[in-house]
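Q: I'm new to this structure and would like a close look at one part of it, the nonpolar interior. Could you walk me through that part and then show me what else is there?

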Amino acid sequence: METATQNSPIKTVNPFNNKLVKTFEVMTDAQIESRIALADTTFQTWKKTPQAERALLLRKVAHLMRVRKTQLEELATLEMGKLVSESRAEVELCAAIFDYYADNGEKFLADQPLATHGGSAFLSYEPIGVLLSIQPWNFPFYQITRSAAPHLMAGNTMLLKHASNVPQCAQIMEDIFLEAGFPAGVYQNLFIPGSKIDVLVADKRIKGVTLTGSEPAGSAIAAAAGKYIKKSTLELGGSDAFVVLDDADVEQAAEAAVRGRMWNAGQVCVSPKRVIVEEAIADLFLDKVKAKFAALKVGDPMDEQTDLAPLSSEKAVEDVIKQIQKAVEQGATVLAGGHRIDRPGAFMEPTILTGIQPGTAAYQEEIFGPVFMFYKVKDEQAAIELANATDYGLGGSVFSSNNERAVNVARQIDTGMVYINHVTGIAPELPFGGTKHSGYGREQSPAAIYEFVNAKLIRITTPESAY
């Protein structure tokens, strides 16, 4: 997760050409205090706002995102470099998520009756207060949306600390919330460095923290939240297994693996980072992957014909190159790519690594770039064991012509999500989240709206009741 240093400005640098576009000043302590106070004050009235009114405002946000789609998609591509077609799909997904919680929020938050002896009882779902949302750059609108939509619908207010390389995306979302009619203070952006986060988590007015980011960032936030006895949710890194069984459609699997790994220039927590193929079809699969790699068009992310965009920053390219070099030093082989591309911008070659051995850095680490780590395994059981040989557990895929077999394999992979014959995907109604070092808590689906509410028991009985 990109962060600003204590005094450095927050800025947009176009990764296509590494040119500085716009600079924002870091907020002062007084400005931060003003925003926290407003969020806390606004919560006192927002929590009492009828759910139908909250839902109406969410629908207006969805509408405005669709109306301003071209502006939003171009801004996301400008700030972090993704293909404009991917930015467009992201905006459309965000609008659908806002609509999902507008359509279903009242039902999810309705009192839940509980069966009990004598009298009656129910759960009342009530908001808890101001939430701090800390989000990364790789999906600058989606990361905001999947935390804001359910939690604002539930009646909480929110402060966003976005990644420091996507400030314009952060600002335009606050503008859209206000334009939609949300009261000032329900949703506010903070232009602050990462060094300010601990102070925010310690503030008594902030009742919960949700973070998507790196494992070290998640560990730090969880520790801080735990210290002050606050609820937190974490969506951290992933080293997703993409398992191809020997009865799979090899062409279909190879196409999905390449497209999935090149999605967002490989900068996706749930992209297929470890491709694990049974040996009976491994060579054929690898030949198809190499051919598809050779056909990828690298270039301007604003060009609809481009297949592979730049990485999000110079630092992102440098970090991935270092990981590749270390992997080679530790015995891995580069079958394709492995270098940055000699042109302006944060570009690197799509890369295939193989021969990665247990105990090496690449075997455990997440590589956040267009790097395809290929493993050939003897059989299905070996594939399952390798899929589980990581501290991460976010998503995963299993490809097979036999759904029953694929589901059986999926049940044995220790991860939060497994997709059959598809890369790990995103839909408003499906829960998103992981296990192990990939974090805890769920976003999207009905599950998300319950993460930051008080499930209050209300019991109606008489003094004579046995309990």
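A: Here is a walk through the nonpolar interior, followed by a sheet and the cavities.

Please keep in mind that this is a predicted model.

Let's begin with the largest nonpolar core, which has 86 residues. If you would like landmarks to click on, try Met 65, Tyr 101, Phe 141 and Phe 182, the residues with the most contacts inside this core. Helix H4, spanning residues 84–109, supplies the largest share of the core, with eleven residues.

Phe 182 is a good place to zoom in. If we set aside its neighbours within four places in sequence, Phe 182 is in contact with Trp 46, Leu 57, Leu 58, Val 61, Leu 152 and Phe 177.

There is also a second, separate core, made of 57 residues. Among its members are Ala 248, Phe 293, Ile 356 and Ile 413.

Now for a single residue, Leu 75, which you will find in helix H3 (residues 69–80). Is Leu 75 buried or exposed? Its relative accessible area is 12%, and buried means under 20%, so Leu 75 counts as buried. Again leaving aside neighbours within four places in sequence, Leu 75 is in contact with Gln 168, Cys 169 and Ile 172. You can also look from Leu 75 to Pro 140: the two are 65 residues apart along the chain, and their C-alpha atoms are separated by 9.6 Å.

Next comes the sheet. It is an open sheet of three strands in the order S3-S4-S20, with antiparallel pairing. Strand S3 (112–114) and strand S20 (453–460) are the edge strands, each pairing on one side only. On average, neighbouring strands of this sheet are turned by 30° against each other, with direction ignored. Between strand S4 (residues 120–127) and S20, the antiparallel pairing runs over eight bridges. To see where these two strands face each other, find Ser 120, which stands opposite Ile 460 in S20.

Finally, let's turn to the empty spaces. How many cavities of 30 Å³ or more does the structure hold? There are four of them, and the largest cavity has a volume of about 70 Å³. This largest cavity is lined by 16 residues. Closest to its centre are Arg 274, Ala 387, Thr 390, Tyr 392 and Gly 393, which you can select together to find the spot on the model.

How values were computed: Residues are numbered from 1 along each chain as its sequence is written. This is a predicted model: local features need pLDDT of at least 70, side-chain atom pairs count only at pLDDT 80 or more; totals for chains, interfaces and linings use all residues. Side-chain values use heavy atoms; hydrogens and water are left out. A nonpolar core is a set of buried Ala, Val, Leu, Ile, Met, Phe, Trp, Tyr and Cys residues joined through side-chain atoms within 4.5 Å. Buried means under 20% relative accessible area, exposed over 50%, partly exposed in between (1.4 Å probe, protein chains only). Helices (H or I, at least four residues) and strands (E, at least two) are DSSP runs, numbered from the N terminus. Contact means heavy atoms within 4.5 Å. Two strands pair if DSSP finds at least two bridges between them. Axes are lines fitted to C-alpha atoms, for helices over the stretch in contact, and angles run from 0 to 180 degrees between N-to-C directions. On a 1 Å grid over the protein atoms alone, a cavity is a set of points where a 1.4 Å probe fits but cannot get out, and a pocket is an open set with protein on both sides within 12 Å along at least five of seven lines; lining residues have an atom within 4 Å of a point. Grid points are joined across faces, edges and corners, and a volume is the space filled by probe spheres set on the points.
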